[in-house]
Every structure is written in structure tokens, then in C-alpha cells.
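Here are some exercises to work through with the model open beside you. Try each task before you read its solution.

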Amino acid sequence: MHETLSRMLASAPVVPLIGENDPERAVKIANALGEGGLSVIEVVLRSPDAQKGMEAILGETEDLIVGAGTVLTLDQAKSVVASGAQFIVCPGLVDEIAEYCLGEGVPVYPGTMTAGEVQRAYALGLREVKFFPASLAGGVPMLKALSSVFGEMRFMPTGGVSASNLADYLALPSVLACGGSWLTPADAVKAGDYAKITALAQEAVGIASKVR
Ligand code: 3PG
């Protein structure tokens, strides 16, 4: 899984977030993103039925890699992995979740924002982490500083990333991919404007292809 994920992120290093409660709509959003060229999708567990949305996307779409985000507990991690989640994203670093995912061979991206957290992730055996919340944690200058000491670490900045600063983050070789909700804006989701979501995905792919 790690290799497929890395390959897909190398070709389009952007991970859109889906926070949809309604499984049918979640599938439409995922397909709209896929049509726009983004095939690695994070479904955030922030609403009661978000996991059902993730399961529907996994069951009803093709050629997408679908992971679960905002995973807060080990039980949640086990539950989404049992449902087929292909990677896990957490807002922070919890050893037992990281260790479980490493043991299962499930790629995991715990949120980090300090040198101490990155070093702890490194000690646990991780070489890829989320950098969260990227803009508030110091943005590109902070990532440069962290990258200069953690040479093997790859980062996924998320939180405050948008089309306007995506290129700045992707210009850093240590950035694996950027994540964010700007690709699935609430107004477009509410209006069922899937063409807009596809257009935003295409825009992100275009920005990424100019930088990499
Ligand atoms: C996350 O869960 O990673 C963030 O809440 C996403 O932040 P954004 O909404 O600024 O993209």
C-alpha cells in the first residue's frame, strides 16, 4: 500500500479532505475529485456518519486511495482499518496508533508541529508525518527549519493550505504532499456543485505540475 500511495502522491501531491455525512454525496465528491486528477482522498471523521461515507467511497469508486483522517483513538484506527481505510491521518501524535499502524503495515500520518514531536515520530520508526496546523505552526519557514535537521522525514502540511500557497509548500523537497479542505468547499458541497470540485482539483494538479 505504501508504494501505491507514494506513487500516486508523486504524480499529484495533494490530498483533499472530505467531511461529508451523507454516503451518497461523499461518493459524488470523491468521484469529482478523481475526475480532477486527485486520487488520494482523506475522509475526516468529524461527523457521526463520516465512516459510512468512507466505506461508501471504498465500495463504490475505483482507482482511488481512501484513508481516514481526524483519527483520535486506537479503537477508531482499528475500526476504520477493518472497514478498509488505506491510510490513517491523526491531528496529533499518539504512540499506540502509530505503533498499531506500523504493525499492520498501514501508512499513518500523525500531526506534528514541533521538533520534539517530529523526533518522537522518528523514534517510533515513522519517516512521514503530517505538519499541522501548517500555517499556524510556522508555514514554509518552519518546515524548512524542521527539514534541515530531520533529513529523512517527509511532511504533509495541512491546515491553512490553499491554491494560493500550495506551490510554496510543494517547492520544498521534504514535502510529500499537501492536504486540505479548500478542494471541497462547503458551499459547493451543499449546492451539489461537483463541477466546481473537479475544477478545484484540476487547478491544484496544475499548480503541482508546475512545481514538480
Ligand atoms: C485538517 O484536518 O487537516 C485540517 O483541519 C484541514 O485544514 P484546512 O481546513 O485549513 O484545509
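Contact here means heavy atoms within 4.5 Å. Keep in mind that this is a predicted model.

**Exercise 1. Get a feel for the overall fold: how many helices and strands are in the chain, and what share of its residues count as buried?**

Solution. Start with the inventory: the chain has ten helices and eight strands. Next, look at its extent. The radius of gyration is 16 Å, close to the 17 Å that the globule rule gives for 212 residues, so the chain is as compact as a globular protein of that length. Along the principal axes, the C-alpha trace spans about 45 × 40 × 30 Å. Now for burial: 53% of the 212 residues count as buried. Finally, turn to contacts with a separation of 6 or more: residues 24 or more positions apart account for 59% of them.

**Exercise 2. Work out whether strand E3 is enclosed or open, starting from the burial of its residues.**

Solution. Step one is to go through residues 65-69: five of the five are buried, so E3 is largely enclosed by the rest of the structure. Step two is to split the strand by face. In a regular strand the side chains alternate between the two faces of the sheet. Ile 65, Gly 67 and Gly 69 sit on one side of E3, Val 66 and Ala 68 on the other, and all are buried, which leaves both faces covered. Step three is a neighbour: strand E2 (residues 40-44) pairs with E3 in the parallel sense over five bridges. In that pairing, Val 40 has Ile 65 as its bridge partner. To get from E2 to E3, the chain passes through helix H3 (residues 50-60), in a right-handed β-α-β crossover.

**Exercise 3. Take Met 8: which residues beyond its neighbours within four places in sequence does it contact?**

Solution. First place Met 8: the residue belongs to helix H1 (residues 2-11). Then check its exposure. The relative accessible area of Met 8 is 17%, and since the cut-off for buried is under 20%, the residue counts as buried. Once the neighbours within four places are set aside, the contacts of Met 8 are Ser 39, Val 40, Asp 63 and Ile 65. Two of these names are familiar from the previous exercise, as Val 40 and Ile 65 are bridge partners. For contrast, try Arg 46, which is 38 residues from Met 8 along the chain: the two C-alpha atoms are 25 Å apart.

**Exercise 4. Follow the chain from E4 to E6: in what sense do the strands pair, and what hand do the crossovers have?**

Solution. Begin with E4 (residues 88-90), which pairs with E5 in the parallel sense over three bridges. Ile 88 is opposite Val 108 of E5 there. The connection from E4 to E5 goes through H5, and the β-α-β crossover is right-handed. Continue to E6: E5 and E6 also pair in the parallel sense, over two bridges. Here Gly 111 stands opposite Lys 130 in E6. The link from E5 runs through H6, again as a right-handed β-α-β crossover. As for E5 itself, five of its five residues (108-112) are buried, so the strand is largely enclosed by the rest of the structure.

**Exercise 5. Find salt bridges that tie together parts 25 residues apart in sequence.**

Solution. The structure has four salt bridges in total. One of them joins Arg 120 and Asp 95, at 2.5 Å from N to O. Arg 120 is in helix H6 (residues 115-124) and Asp 95 in helix H5 (residues 95-104), so this pair ties together parts 25 residues apart in sequence. Another is Arg 127 with Glu 152, at 3.1 Å from N to O. Arg 127 lies in the loop between H6 and strand E6 (128-131), and Glu 152 in the loop between helix H7 (139-149) and strand E7 (154-157), so here too the parts tied together are 25 residues apart.

**Exercise 6. Why is Cys 101 not bonded to Cys 90?**

Solution. Search the whole structure and you'll find zero disulfides. The sulfur of Cys 101 lies 6.7 Å from that of Cys 90, the closest cysteine sulfur, and this is too far for a bond. Cys 178 is in no disulfide either, with the sulfur of Cys 90, its nearest, 19 Å away.

Terms used: Residues numbered from 1 in each chain as written. Predicted model: local features only at pLDDT ≥ 70, side-chain atom pairs only at ≥ 80, totals over all residues. Heavy atoms only, no water. Salt bridge = Lys/Arg side-chain N within 4 Å of Asp/Glu carboxyl O. Helix = DSSP H or I, 4+ residues; strand = E, 2+ residues; numbered from the N terminus. Buried < 20%, exposed > 50% of the residue type's maximum accessible area, 1.4 Å probe, protein only. Pairing = 2+ DSSP bridges. Right-handed = clockwise from strand over helix to strand, strands pointing away. Disulfide = S-S within 2.5 Å. Rg over C-alpha atoms; globule rule 2.2 N^0.38 Å.
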